[in-house]
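Please walk through the model below with the paragraphs that follow it. They begin with strand pairing and end with the contacts between parts.

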Amino acid sequence: MSITRIYGLFLRHFYLITRSFPRILDLVYWPSIQITLWGFISNFFATHTTYYNNAVGVILTCAILYDFLFRTSIGFNMLFLEEIWSRNFTNLFIAPMRIGEILTSLVITALIRSLIGLVPAILLTSPLFGISILDLGIFLFFLFLSLYIFGITLGILVSSGLLRFGPSFENIAWSTMFLLAPFGCIYYPIETLPEIFQKIAYVLPLVYIFEEARNILINQTVNIENVYYAFMWNAFYFSLSIALFYYSFNAAKNKGTLINMGE
Amino acid sequence: MKNLIEVQDIKKNYGKKEAVKGISFNVEEDEVLGLLGPNGSGKTTTIGMLLGLLKPTSGQIFINNLKLEENRIQILEMINFISPYIELPKKLTVKQNLYVYSKLYKVKNIKERIEYLSEKLRIGELLNSITGELSSGQKNRVSLAKALVNEPKVLLLDEPTASLDPEVGDFVRTFLEDYKKEKKISILLASHNMNEVTRLCKSVLMMKNGEIIDQGKPEDLITKHGRTNLEEVFLKLSRSKSEYN
């Protein structure tokens with residue numbers, strides 16, 4: 001792995017973001033709107049339901065966590081799509097970059113993109129709604145890390161599809177998170193789901209992450225098992241996504257997708 | 001003279017379609033080899049395989065005596081490519097693009113390298129311009145700068161002067177001649193501009209339907225086929241069915 005090459009690809013996206021005010025605005029705008037909206041909804045629920053009485057910011061905290069996941073996943077896909085849209089894809093793949101270097105660079109860049117959007121949104125929650133996501137304590141870090149890994153995993157899976165099937169796979173890139181959201185139990189406990197859906201939810205790391213966030217905020221206790229299962233499923237899906245990416249890269253070399261990408 | 005590119009019986013099939021049907025050729029050090037053929041003859045597929053973007057169905061490719069299949073990264077460090085069909089990121093400035101690619105190719109003296117190429121390709125005044133806002137002639141010179149940023153031993157050119165006006169086209173051809181003379185690099189040139197091929201190439205390969213149907217020095221081919229220029233030879237070979245199919 002070459003740090004220079006990883007840094008080089010990071011720079012390509014860093015320049016792109018910092019050169020364009022609308023791009024920065026776009027990164028900040030949606031998370032802030034999302035959080036503000038959910039802030040008012042959570043305020044309403046907090047005053048009208050008993051379930052959320054003990055933790056005013058449960059919905060808002062989960063909204064922030066979900067937004068982080070969403071931004072990470074979409075952010076990773078965007079980095080890949082940018083290369084296709086700008087017809088730079090071939091240039092990138094004829095540069096002497098290992099797949100690991102490309103992925104590492106995109107993983108780092110996706111994190112920075114997500115943080116650019118998330119930090120202002122988190123800062124907004126305190127003055128507007130009197131809520132701090134830091135109430136999750138040290139476990140906030142583990143929950144964020146888990147979501148980050150899963151977001152990246154989804155990004156890599158979708159990028160594998162783009163490699164294998166070309167730009168026509170783009171629509172899937174936008175819909176993955178929406179497909180998984182109901183099973184993630186972001187705003188409701190898993191018992192809310194029908195039994196068959198619960199079975200699906202239990203093999204995703206999301207349910208453990210959001211159940212644990214609610215558990216910490218409502219019951220003020222920590223169930224380490226949830227954190228463990230989230231990481232276990234993450235490790236499984238992340239390994240799977242890496243393997244699939246390599247497979248798709250080789251398939252693209254056989255099929256000729258790499259040379260025709262963007263045309 | 002040492003062979004920098006050695007292609008041994010490569011084939012590429014897309015399902016049942018045979019895009020390249022077992023071709024072999026070499027490109028020597030300090031040689032410009034022209035790759036000619038009508039659209040769909042297998043030129044781009046061949047270049048794609050040389051760049052490691054396509055996996056040959058069978059056959060072997062060696063660049064600088066290294067087997068491509070096993071030394072992809074090492075080989076990509078010493079080759080580069082330019083085509084009007086691929087572009088540099090449009091929103092970045094020319095300087096940013098050259099800097100990024102210098103990093104990707106691990107160029108040591110980036111500043112000096114960019115200055116050298118800017119001067120040679122007359123893009124100094126464009127360095128702070130947005131790449132997407134350049135004219136096609138300017139974009140072409142910037143793409144060429146990117147393709148030379150790693151001081152490649154092997155340069156693959158796919159229609160390097162397509163869509164350029166005669167003045168810029170001539171500038172690029174003269175630059176390539178001078179650069180090759182100075183750096184002794186090997187060039188594989190795929191082009192439909194027969195004057196360009198005649199001017200730059202020591203020898204040419206004529207491809208059709210995935211096969212090499214003739215090869216030799218441009219002047220020898222003209223004599224052999226009883227024509228007055230390479231374009232007429234190209235037309236004869238492209239249109240001929242019975243003799244070469």
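In which sense do strand 1 of chain B and strand 4 of chain B pair, and over how many bridges? The model is a predicted one, and in it the two strands pair in the antiparallel sense, with 5 bridges between strand 1 and strand 4, the latter covering residues 58–63. One position in this pairing is B:Gln8, whose bridge partner in strand 4 of chain B is B:Gln60.

Strand 1 of chain B, residues 3–14, also runs antiparallel to strand 2 of chain B, residues 17–28, and 9 bridges join these two. Within this pairing, B:Lys12 is opposite B:Val20 of strand 2, and B:Tyr14 is opposite B:Lys17 of strand 2. Strands 1 and 2 of chain B form a hairpin with 2 residues between the strands, and in this hairpin B:Gly15 has a positive phi near 65°.

These strands belong to a chain with 9 helices and 10 strands in total. The C-alpha trace of chain B spans about 55 × 40 × 35 Å along its principal axes. The radius of gyration of chain B is 18 Å, which agrees with the value near 18 Å for a compact globule of 245 residues. Of those 245 residues, 46% count as buried. Taking the contacts in chain B between residues at least 6 apart in sequence, 66% link residues at least 24 apart.

How is chain B divided into domains? The domain assignment gives domain 1 as 1–78 + 153–245 and domain 2 as 87–151. Their C-alpha centres are 25 Å apart. Where the domains of chain B touch, 8 residues of domain 1 are in contact with 9 residues of domain 2. On the domain 1 side, helix 6 of chain B, residues 166–183, supplies the largest share, with 3 residues. By class, that side of domain 1 consists of 5 nonpolar, 1 polar and 2 charged residues.

The packing of the interior can be taken next. The largest nonpolar core has 143 residues, and those with the most contacts inside it are A:Leu65, B:Leu156 and B:Leu189. Helix 3 of chain A, residues 58–85, gives this core its largest share, 17 residues. Because domain 1 and domain 2 of chain B both give residues to this core, it lies between them. Around A:Leu65, leaving aside neighbours within four places in sequence, the contacts are A:Leu143, A:Leu147, A:Ile209, A:Phe210 and A:Ala213.

The remaining topic is the contact between the chains. How many residues of chain A are in contact with chain B? There are 29 residues of chain A in contact with 26 residues of chain B. On the chain A side, the elements that give two or more residues are helix 1 (3–18), helix 4 (89–94), helix 10 (224–255) and helix 11 (257–260). Helix 1 of chain A gives the largest share of that side, 9 residues. The residues on the side of chain A that touches chain B are 12 nonpolar, 10 polar and 7 charged.

How values were computed:
Residues are numbered from 1 along each chain as its sequence is written. Chains are lettered from A and ligands numbered from 1 in the order in which they are written. This is a predicted model: local features need pLDDT of at least 70, side-chain atom pairs count only at pLDDT 80 or more; totals for chains, interfaces and linings use all residues. Two strands pair if DSSP finds at least two bridges between them. Helices (H or I, at least four residues) and strands (E, at least two) are DSSP runs, numbered from the N terminus. Two residues are in contact if their C-beta atoms, placed from the backbone, lie within 7 Å. Ala, Val, Leu, Ile, Met, Phe, Trp, Tyr, Cys and Pro count as nonpolar, Asp, Glu, Lys and Arg as charged, and the others, Gly among them, as polar. Domain bounds come from an automatic or database domain assignment. A nonpolar core is a set of buried Ala, Val, Leu, Ile, Met, Phe, Trp, Tyr and Cys residues joined through C-beta atoms within 7 Å. A residue is buried if 20 or more other C-beta atoms lie within 10 Å of its own, exposed if 12 or fewer, and partly exposed in between; C-beta atoms are placed from the backbone. The radius of gyration is taken over C-alpha atoms; the globule rule is 2.2 Å times the number of residues to the power 0.38.
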